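Work through the exercises below with the model in view. Try each task before you read its solution.

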Amino acid sequence: MRQPEADTTGRNLRLVLVADPGLPSELARDLAPRLPEHLRRRIGGNIHWQVDTVTAPLVADEQVDVSDLVEIVGTHLENGDWDIGVFLTDLPRRAERKPVSTEVDPEHRIALISLPALGSRRLPRRVRQAVVGAVRQLIAQDEKPLDSPVVGRPAPVEESTRERYVVPGLRGHVRLVLGMVRANRPWRLFTSLSRALAGVFATAAVGFLNSTTWQVATALGIPQLTLIAVLSTLSLTAWVIIDHRLWERAGDLPGAHAPLYPYNLVTLLTIGLGVFFLYAALFVTLVAVSFLVVTPSVFGRIVHHTVDASDYVTLSWFVTSISMIGGAFGTGLENAEEVRDAAYGQRHRRRQRQLTEARDRAG
C-alpha cells in the first residue's frame with residue numbers, strides 16, 4: 001500500500017475491490033465500470049478514480065479484524081500500489097449477535113463489506129451504496145464528501161480507529177439469512193442435482209402413463225394433493241441434506257456459533273429452494289406433455305367422466321409429487337462437492353481448513 005497522496009486538486013486515487021469468488025466477484029465486476037462516476041457524484045472533489053477488481057477468497061474466521069486485510073489485499077496485487085482497499089465477502093459477520101454490514105479502518109484505508117447483511121433484494125444497489133459509503137468514511141479526513149450513508153447503524157468498537165456498522169433487530173437477522181441464501185444461489189443447485197433430475201423424470205414417465213395413477217390423481221382433492229406435494233418436496237430436501245451430511249452439529253463450526261442459526265437454517269432454505277425449482281420445472285413440463293400424449297377420450301374413459309384442463313393439471317401435479325420421492329434415490333450418486341457448495345457451513349469449514357493450513361505453514 002502506498003502512502004496517501006497530498007490533498008491537492010486533480011489527484012489520482014486507486015481503489016481496489018477484492019471479492020470472494022462467486023456472487024461477490026460477479027457484483028464487483030459489474031460495479032467497477034460505473035463506480036468512478038458514483039464516487040465523483042457522492043464524494044465530490046477533483047479526484048480521478050481508478051477502480052480495479054481482484055478475485056480472492058477471504059481465508060479468515062467470522063470475526064476477522066478489518067486491519068488484517070491490509071496484507072491480504074497487498075498479496076493479490078502485483079506491485080502493491082493502491083490507495084483504498086474494499087473487500088467484498090459472502091462470509092457472514094456478527095458483533096454481539098448483530099449482523100455486521102461494513103467495517104472500515106481509516107488509518108489503513110481498508111474496508112470489509114459483508115454481503116449477507118445487505119439482504120437479497122436490490123443487492124447490486126445496496127452493494128454500490130455500501131462501497132461508496134465505505135470509501136466516503138475512508139477519505140473523510142481528506143475530503144468533505146457529500147452525504148452517502150453507510151448501510152447500517154454505527155456500533156461501538158474497542159479500537160477507536162475502526163468503525164463498524166450493524167443492521168440491528170429482526171430486520172437485520174432476516175436480511176442476514178436471506179442474504180446468505182442469495183449468496184448460495186439455490187437456483188444453481190438445480191443443475192447439480194442432475195442425477196436426481198434423471199430419477200425424477202424416470203419416475204414421472206412410469207407414473208404418467210399408468211391408468212391407475214390417472215384414477216387416483218383425479219379422485220384426490222386439493223387438500224390431499226397439497227399435502228402430498230409438501231411431503232414429497234420435504235422428503236427430497238431431507239434426503240439431500242442427510243445423504244450429503246450437510247446438517248451442522250455442535251462443534252463442527254469454529255467459534256461461538258449456534259448450530260441451527262444461521263448455517264443450518266440457510267442450508268435448509270437453500271436445498272429446499274433448489275428442490276422447489278426442480279419441482280416447478282417438472283410440473284410445467286408434465287402439464288405441457290400431458291396435453292400432447294394423453295387424449296381426452298382415453299383419459300375420460302379411464303376416469304369415468306368428461307375431462308377438462310383441470311384434470312390434466314391435477315394429473316401432472318400428482319405425478320410430479322410422487323416423482324420427487326423417486327428422485328431422492330438419484331441424489332446418492334451426485335458429485336458431493338457440487339451439492340455441498342450449496343451449504344454455507346461446508347464452505348465456511350473449508351475456509352477454516354485453509355486458514356489453519358496457512359497458519360501452520362507460516363508457523
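Four exercises follow, on a model that is predicted.

**Exercise 1. Two helices**

Task: Find how the axes of helix α1 and helix α4 cross, and which residues meet.

Solution:
- Step 1. Locate the helices. Helix α1 covers residues 23-31, and helix α4 covers residues 123-138.
- Step 2. Look at the axes. They come within 10 Å and cross at roughly 75 degrees.
- Step 3. Classify the angle. Angles from 65 to 115 degrees count as roughly perpendicular, so α1 is roughly perpendicular to α4.
- Step 4. List the contact. From α1 come L23, L27 and L31. From α4 come L123, P124, V127, R128 and V131.
- Step 5. Sort these residues by type. Seven are nonpolar, none is polar and one is charged.

**Exercise 2. A strand and its partners**

Task: Decide whether strand β6 is enclosed or open, and work out how β3 and β5 run beside β6.

Solution:
- Step 1. Find β6 at residues 110-114.
- Step 2. Check burial. The cut-off for buried is under 20% relative accessible area. Five of the five residues of β6 are buried, so the strand is largely enclosed by the rest of the structure.
- Step 3. Follow the side chains. In a regular strand they alternate between the two faces of the sheet. In β6, I110, L112 and S114 point one way. A111 and I113 point the other way.
- Step 4. Turn to β3, residues 84-89. Five bridges join β3 to β6, and the two strands run parallel. F87 has L112 in β6 as its bridge partner.
- Step 5. Turn to β5, residues 98-105. Four bridges join β5 to β6, and here the strands run antiparallel. D105 stands opposite I110 in β6.
- Step 6. Trace the link from β5 to β6. The two strands form a hairpin with four residues between them. In the turn, R109 has a positive phi of about 55 degrees.

**Exercise 3. Two salt bridges set side by side**

Task: How many residues apart are R14 and D52, and how many residues apart are R40 and E37?

Solution:
- Step 1. Recall the principle. Side chains of opposite charge can pair when their charged atoms come close.
- Step 2. Take R14 and D52. Their closest N and O atoms are 2.6 Å apart.
- Step 3. Place this pair. R14 lies in strand β1 (residues 11-19) and D52 in strand β2 (residues 47-55). They are 38 residues apart, so the pair links distant parts of the chain. R14 has a relative accessible area of 15% and is buried.
- Step 4. Take R40 and E37. Their side chains meet in a salt bridge of 3.0 Å, N to O.
- Step 5. Place this pair. R40 and E37 are three residues apart in helix α2 (residues 35-43), which means they are separated by about one helical turn.
- Step 6. Check exposure. R40 is partly exposed at 36% relative accessible area. E37 is partly exposed too, at 38%.

**Exercise 4. A salt-bridge network**

Task: Which residues do salt bridges with shared partners join into one network?

Solution:
- Step 1. Start with R164 and E103. Their side chains meet in a salt bridge of 3.4 Å, N to O.
- Step 2. Place the pair. R164 is in strand β8 (residues 163-166), and E103 is in strand β5. The two are 61 residues apart and link distant parts of the chain.
- Step 3. Check burial. R164 counts as buried at 18% relative accessibility. E103 counts as buried at 1%.
- Step 4. Complete the network. R93, E103 and R164 are joined by salt bridges that share partners.
- Step 5. Note the total. The count comes to four salt bridges.

Methods:
Residues are numbered from 1 along each chain as its sequence is written. This is a predicted model: local features need pLDDT of at least 70, side-chain atom pairs count only at pLDDT 80 or more; totals for chains, interfaces and linings use all residues. Side-chain values use heavy atoms; hydrogens and water are left out. Axes are lines fitted to C-alpha atoms, for helices over the stretch in contact, and angles run from 0 to 180 degrees between N-to-C directions. Angles under 35 degrees count as roughly parallel, over 145 as roughly antiparallel, 65 to 115 as roughly perpendicular and the rest as oblique. Contact means heavy atoms within 4.5 Å. Ala, Val, Leu, Ile, Met, Phe, Trp, Tyr, Cys and Pro count as nonpolar, Asp, Glu, Lys and Arg as charged, and the others, Gly among them, as polar. Buried means under 20% relative accessible area, exposed over 50%, partly exposed in between (1.4 Å probe, protein chains only). Two strands pair if DSSP finds at least two bridges between them.
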